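Trainee: I have a model open on my screen and would like to learn how to read it feature by feature. Could you walk me through it?

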Amino acid sequence: YPGGVYESCGPPFSVVQRSNVVEERLDWAEWRKMIDPLCPRKGFEVFWFNRFTKMTRFTEPDWDHVWESRLKRSKWIDGKTTAQSEFYDERTKSSFFYNTYTQ
């Protein structure tokens with residue numbers, strides 16, 4: 001938790017194991033919004049969890065960086081004739097569309 005001797009950007013994995021998923025979205029890729037029902041510190045009940053890296057954080061992920069990373073690791077499938085290009089993300093086992101004009 002922020003502050004103190006053991007300051008961290010997010011809760012330890014033991015907290016993740018007892019927590020519940022509050023929300024997940026396809027466009028969030030590997031990130032999930034979690035809630036710790038036993039959190040002893042008010043205001044730190046909700047946190048973010050990356051299901052692949054096991055990273056936790058109290059602040060919302062940098063979505064521009066998340067998408068940049070996802071595009072780099074994904075395989076382009078289709079989209080030569082339109083602005084919408086389809087990619088396949090092997091990590092999440094899902095395909096997604098990305099607008100190459102508006103990004």
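Trainee: Let's start with strand pairing. In which sense do strand S6 and S7 pair, and over how many bridges?

Mentor: Happy to. Keep in mind that this is a predicted model. To read a pairing, look at the direction of the two strands and at the bridges between them. Here S6, residues 84-89, pairs with S7 in the antiparallel sense, and six bridges link the two. You can follow the register across the pair: Phe-87 sits opposite Phe-96 in S7, and Asp-89 sits opposite Ser-94 in S7.

Trainee: What is special about the backbone in the hairpin of S6 and S7?

Mentor: Here the general idea is about phi. Most residues other than glycine have a negative phi. In this hairpin, four residues lie between the strands, and Lys-93 takes a positive phi near 55°. Lys-93 is not a glycine, and its place is the loop between S6 and S7.

Trainee: Is Lys-93 buried or exposed?

Mentor: Look at relative accessible area, where over 50% counts as exposed. Lys-93 has 54%, so it is exposed.

Trainee: Which other residue has a positive phi near 55°?

Mentor: Ala-29, again a residue other than glycine. Ala-29 lies in the loop between S1 and S2. Its relative accessible area is 11%, and since buried means under 20%, Ala-29 is buried.

Trainee: Back to the sheet. What is the order of the strands around S6?

Mentor: For a sheet, list the strands by who sits beside whom. This one is an open sheet of three strands in the order S5-S6-S7, paired antiparallel. S5 (75-78) and S7 (94-99) are the edges; each has a single partner strand, so one side of each has no neighbour in the sheet. On average, neighbouring strands here are turned by 40° against each other, direction ignored.

Trainee: Which helix packs on this sheet?

Mentor: Helix H2, residues 63-73, touches S5, S6 and S7, and its direction makes about 115° with that of S7. For the faces of a strand, follow alternate residues. In S7 the covered face holds Ser-94, Phe-96 and Tyr-98, while the uncovered face holds Ser-95, Phe-97 and Asn-99.

Trainee: What is the strand order in the sheet that contains S3?

Mentor: That is an open sheet of four strands, S1-S2-S3-S4, with antiparallel pairing. The edges are S1 (20-23) and S4 (56-57), each with a single partner strand, so each has one side without a neighbour in the sheet. S3 and S4 run antiparallel and are joined by two bridges. Across that pair, Trp-48 stands opposite Arg-57 in S4.

Trainee: Which residues make up the largest nonpolar core?

Mentor: To find a core, look for buried nonpolar residues whose side chains are joined by contacts. The largest has six residues: Val-15, Val-16, Met-34, Phe-47, Phe-49 and Phe-58. Helix H1 (13-18) and strand S3 (46-50) are the elements that give two or more residues to this core. A second, separate core has five residues, among them Trp-28, Trp-31, Trp-48 and Val-66.

Trainee: Now a polar case: where is Asn-50 found, and is Asn-50 buried or exposed?

Mentor: For a polar side chain, check burial and then its partners. Asn-50 belongs to strand S3 and is buried, with a relative accessible area of 3%. Its side chain makes a polar contact of 3.4 Å with the side chain of Glu-30, and also reaches the backbone nitrogen of Phe-52 at 2.9 Å. Setting aside neighbours within four places in sequence, Asn-50 contacts Glu-30, Trp-31 and Met-55.

Trainee: And where is Leu-38 found?

Mentor: Leu-38 lies in the loop between S2 (31-35) and S3. Leu-38 is exposed, at 59% relative accessible area. Sequence distance and spatial distance are separate readings: Leu-38 and Ser-19 are 19 residues apart in sequence, and their C-alpha atoms are 8.3 Å apart.

Trainee: To finish, how many helices and strands are in the chain?

Mentor: Two helices and seven strands, running α-β-β-β-β-α-β-β-β from the N terminus. Of the 103 residues, 33% count as buried. The chain exposes about 7100 Å², with carbon and sulfur atoms supplying 53% of it.

Technical notes: Residues numbered from 1 in each chain as written. Predicted model: local features only at pLDDT ≥ 70, side-chain atom pairs only at ≥ 80, totals over all residues. Heavy atoms only, no water. Pairing = 2+ DSSP bridges. Axes fitted to C-alpha atoms, helices over the stretch in contact; angles between N-to-C directions. Contact = heavy atoms within 4.5 Å. Core = buried A, V, L, I, M, F, W, Y, C linked by side-chain atoms within 4.5 Å. Buried < 20%, exposed > 50% of the residue type's maximum accessible area, 1.4 Å probe, protein only. Polar contact = N/O pair within 3.5 Å; in protein donor to acceptor, adjacent residues only side chain to side chain. Areas by Shrake-Rupley, 256 points an atom, 1.4 Å probe, with all protein chains shown as cover.
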